[in-house]
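Okay, thanks everyone for squeezing me in. I'd like to walk you through one structure, so let me put it up on the screen.

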Protein chains: 2
Amino acid sequence: MEVFERSFEDSLAIFKQLLQHKKMTRFRNEYLALHTYDQAKLFNHFEAQERALVYQYLSPDEIAEIFDDMENENFDLSKEYFLEMESMYAATVLAKMYADNAVDVLNHIEDRDKIAIFLHLMPKEAASELSQLMNYIEDSAGSIMTTELVMVQENFTVKEAYDYIKTCAVDAETIYYAYVVDEDRILKGVISLRDLILKEDLTPIKEIENTRVISVQVSDDKLEVAKMVRDYNLLALPVVGFDHKLLGIITVDDVLDVMQEEADSDYSGLAAVDVNETHKSPLSASKSRLPWLITLLFLGMGTASLISQFEGLISIAPVLSIFVTLITGTAGNAGTQSLAVAVRKLTNRSEDDPFFESFGFEMLTGVITGIVMGLTIALVAGIWKQNLLLGVIIGVAMACAIVVANIAGALIPKVMLKFGFDPAVASGPFISTLSDLTSVFIYFTIASLFLSYL
Amino acid sequence: MEVFERSFEDSLAIFKQLLQHKKMTRFRNEYLALHTYDQAKLFNHFEAQERALVYQYLSPDEIAEIFDDMENENFDLSKEYFLEMESMYAATVLAKMYADNAVDVLNHIEDRDKIAIFLHLMPKEAASELSQLMNYIEDSAGSIMTTELVMVQENFTVKEAYDYIKTCAVDAETIYYAYVVDEDRILKGVISLRDLILKEDLTPIKEIENTRVISVQVSDDKLEVAKMVRDYNLLALPVVGFDHKLLGIITVDDVLDVMQEEADSDYSGLAAVDVNETHKSPLSASKSRLPWLITLLFLGMGTASLISQFEGLISIAPVLSIFVTLITGTAGNAGTQSLAVAVRKLTNRSEDDPFFESFGFEMLTGVITGIVMGLTIALVAGIWKQNLLLGVIIGVAMACAIVVANIAGALIPKVMLKFGFDPAVASGPFISTLSDLTSVFIYFTIASLFLSYL
């Protein structure tokens with residue numbers, strides 16, 4: 001995997017030196033010869049005064065290309081770059097970038113005056129395009145689409161379409177699909193460059209276009225868009241407005257980023273932590289993790305005060321306390337399993353299962369796993385403590401606790417979705433802490449019933 | 001999102017009826033007019049006797065196109081399809097499919113004789129290609145690459161290359177990149193179709209090829225490949241052998257599948273369950289979940305027997321038992337956070353942090369969160385139970401337990417990776433169960449020290 005001919009650290013050191021010694025020509029030659037991704041990666045490692053030099057050495061066009069290749073996750077970072085540039089330079093870079101990326105940057109700038117200045121300083125056409133795109137709500141198809149696409153008319157011939165595509169090749173984000181529209185810009189069909197080069201020059205587009213074109217609405221969720229691109233193996237997907245007019249396209253590279261984001265956010269939810277945390281210090285990492293831990297601690301206090309109600313029971317039969325963590329832990333694990341299955345089903349699948357089907361399925365799964373686990377622990381505990389009744393109490397309690405945890409795990413994500421929340425936020429720690437409460441209640445209630453026989 | 005003009009259920013019912021009434025022509029017309037993904041989706045819902053008819057109505061070419069569009073996750077399923085077809089038909093379909101997909105199917109067939117029959121019955125060229133690809137180890141770049149690519153020689157002109165690409169347009173998996181090789185098939189450069197159509201006909205390829213071509217080795221991990229495609233925004237990535245000869249390409253649609261698989265597997269690990277389980281019955285779901293639960297139960301037995309050692313302590317001070325689940329739960333949550341951050345760092349980032357840097361980082365984060373959580377619970381418990389010493393014991397125990405859990409969470413994935421395991425298998429339930437043990441030990445040890453003052 002030879003990307004840099006030297007190691008990244010060596011390259012970085014060399015470029016930093018070239019900047020320090022103001023070797024503009026050598027810097028330009030060597031830096032611009034790299035892949036833009038590597039240029040971006042190096043750029044992110046330059047210090048402020050080094051970047052100030054880069055803005056002098058490279059044209060807005062060249063900088064725009066680098067920024068287009070930066071990862072989405074870094075837009076928060078690249079916002080700073082625009083604020084440190086001269087405003088005219090920044091505005092020109094933004095105008096040269098792909099519209100979806102430029103909008104992403106602008107959306108991260110809090111200072112509304114600064115945004116207005118950038119929009120004033122750039123060419124009118126670019127400004128109106130960007131301000132229009134900025135209206136689309138977060139996480140919608142509109143928010144990740146680009147307007148730089150290839151549109152052809154139905155009355156074009158293959159040759160005309162091909163020649164037209166040639167003129168778009170520099171600006172369009174992809175030229176491998178051309179979208180066929182009528183005079184009102186209503187999406188009629190699609191034709192791939194691959195199909196185009198196989199056909200005779202004079203064939204009318206109308207004859208060869210694929211009219212079963214798959215499109216999404218501008219307000220559709222970006223995750224739905226990602227699923228369609230994945231399922232239909234597309235390189236780009238057209239976005240239409242409510243009037244069926246073609247507004248833009250979403251390309252596969254943006255879909256890769258959406259999938260990555262979604263996977264990270266699901267994973268973060270399950271662990272109650274932002275896994276993309278790029279904290280500079282343990283202090284800031286702690287700051288972001290503590291709210292979760294404290295919330296869960298207070299939820300857990302519910303369990304503690306419940307146990308406290310049974311303090312009398314424990315002092316009579318302290319042997320009961322040995323199995324508390326085992327029962328709560330096992331039910332928590334079972335609940336996490338059922339929760340994880342439910343969340344990923346909601347994220348990955350295009351259709352949802354009927355509500356009560358998955359409810360019944362998880363309940364039955366809970367009953368089966370509950371019986372097996374209950375029997376196992378009843379035997380183990382009964383033999384270990386030489387007390388069959390104790391074994392039975394623990395076994396029954398564990399079985400019931402597992403059933404309840406399984407049902408809760410399956411239902412909570414669905415309920416959250418129904419109320420408009422991201423189901424992935426229903427975290428594993430959350431379900432374990434909740435199921436601690438029910439498990440303890442079940443366990444001690446059953447134990448109290450049999451106390452006289454213990 | 002208009003894909004089917006009717007709902008999926010309606011379409012399915014109609015096609016099932018067409019098959020039942022043996023309406024071959026209407027079936028062909030309507031079915032083949034759909035996007036292949038939708039054909040595949042419908043096909044997966046046909047019963048065995050309906051599929052038998054489809055194999056008569058559709059040519060191996062048409063079936064091959066459908067199967068090429070099926071999701072990777074379904075290959076286990078589609079294996080069955082090949083076993084129910086006539087062998088000659090199956091072999092022809094396999095030969096017509098993209099090589100990477102055909103290999104995926106063959107790799108799922110356990111009956112080695114059946115594989116040999118398929119390979120015998122198909123054209124020699126296809127058979128030798130497939131049997132070669134089958135040698136690549138699982139999860140390597142070789143296992144997901146396809147050999148249907150466009151290769152051009154350095155001495156071609158733009159016009160020659162363009163005409164050659166045209167002849168490949170039907171078979172190649174992508175024609176949007178052409179790879180430049182010398183007479184020994186050594187990879188020299190790459191040229192995109194986009195660049196090609198912008199250049200003059202007589203320009204030599206040598207002049208316009210991009211020689212800084214990014215490639216991977218055939219044995220590289222497919223996850224590394226996915227990261228490169230994502231980072232460099234590529235539509236395809238060339239795969240070379242150890243002798244630098246060009247062997248194949250990996251296209252972005254396969255990368256989407258790899259990313260999906262990886263996200264699912266990380267998520268599954270964290271929850272100790274296979275989130276892609278497509279079990280038909282609660283019984284089979286239970287069967288796949290129980291091994292995890294039972295393993296964790298026996299790990300949890302360690303904690304139970306440790307508590308059992310302290311039974312005397314509990315019978316003297318039963319108030320201690322109230323806070324056991326709170327301390328183990330909180331430490332488990334903190335450990336899960338630190339584990340999740342560590343796992344996703346290993347999965348997402350191209351470079352790994354130095355071992356001891358992340359160790360120190362997580363330890364310090366543990367110390368800070370531990371102190372805050374310890375103080376909080378010390379106050380809450382001390383006031384609630386009107387016992388300052390009890391509060392201090394619980395607070396100190398929780399702080400220590402969190403530090404230990406944080407360190408374990410950060411280290412376990414790294415240690416697993418060092419020993420060649422997938423770090424994602426280090427699940428949340430696993431770390432919580434482990435940290436239960438250390439937390440209980442810390443808590444009761446501290447409590448015993450202060451017993452006389454309680």
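Before I point at anything, one bit of vocabulary: when I quote an angle, I mean the angle between N-to-C directions, on a scale from 0 to 180 degrees, with each axis being a line fitted to C-alpha atoms. And keep in mind that this is a predicted model.

So, with that in hand, look at helix α15 of chain A, residues 222-231. This helix lies across β4, β5 and β6 of chain A, and it runs at about 140° to β5(A).

What's underneath, then? Those 3 strands make an open sheet in chain A, in the order β4-β5-β6, and the pairing is mixed. β4 (216-217) and β6 (246-251) of chain A sit at the edges with a single partner strand each, so one side of each has no neighbour in the sheet. Strand β5, residues 236-240 of chain A, runs antiparallel to β6(A), and 5 bridges join them. If you want a spot to zoom in on, P238(A) has I249(A) as its bridge partner in β6(A).

Now hop over to chain B for another sheet. Here we have an open sheet of 3 strands, order β1-β2-β3, again with mixed pairing. Its edges are β1 (151-153) and β3 (187-192) of chain B; each has a single partner strand, so one side of each is left without a neighbour in the sheet. From one strand to the next, the twist averages 35°. β1(B) pairs with strand β2 of chain B, residues 177-181, in the parallel sense, over 3 bridges. In that pairing, Q153(B) has V181(B) as its bridge partner in β2(B).

Okay, how do the two chains go together? Rotate chain A by 180°, with 0.1 Å of shift along the axis, and it superposes on chain B with an RMSD of 0.2 Å. The two copies are thus related as by a two-fold rotation axis. And 100% of the interface residues of chain A are also interface residues in chain B, so the copies meet through the same surface.

As for that contact, chain A puts in 125 residues and chain B 126. Between them they bury about 11,100 Å², with 65% of that on carbon and sulfur atoms.

On the polar side, there are 6 salt bridges between chain A and chain B. One of them joins the side chains of E362(A) and R289(B), at 2.7 Å from N to O. On chain A's side, helix α17 (residues 282-309) gives the most to the surface touching chain B, with 19 residues.

That's my tour, happy to take questions.

Terms used:
Residues are numbered from 1 along each chain as its sequence is written. Chains are lettered from A and ligands numbered from 1 in the order in which they are written. This is a predicted model: local features need pLDDT of at least 70, side-chain atom pairs count only at pLDDT 80 or more; totals for chains, interfaces and linings use all residues. Side-chain values use heavy atoms; hydrogens and water are left out. Copies are superposed by least squares on the C-alpha atoms of residues with pLDDT of at least 70 in both. Contact means heavy atoms within 4.5 Å. Two strands pair if DSSP finds at least two bridges between them. Helices (H or I, at least four residues) and strands (E, at least two) are DSSP runs, numbered from the N terminus. Buried area is the accessible area (1.4 Å probe) that two parts lose on being put together, summed over both. A salt bridge is a side-chain nitrogen of Lys or Arg within 4 Å of a carboxyl oxygen of Asp or Glu.
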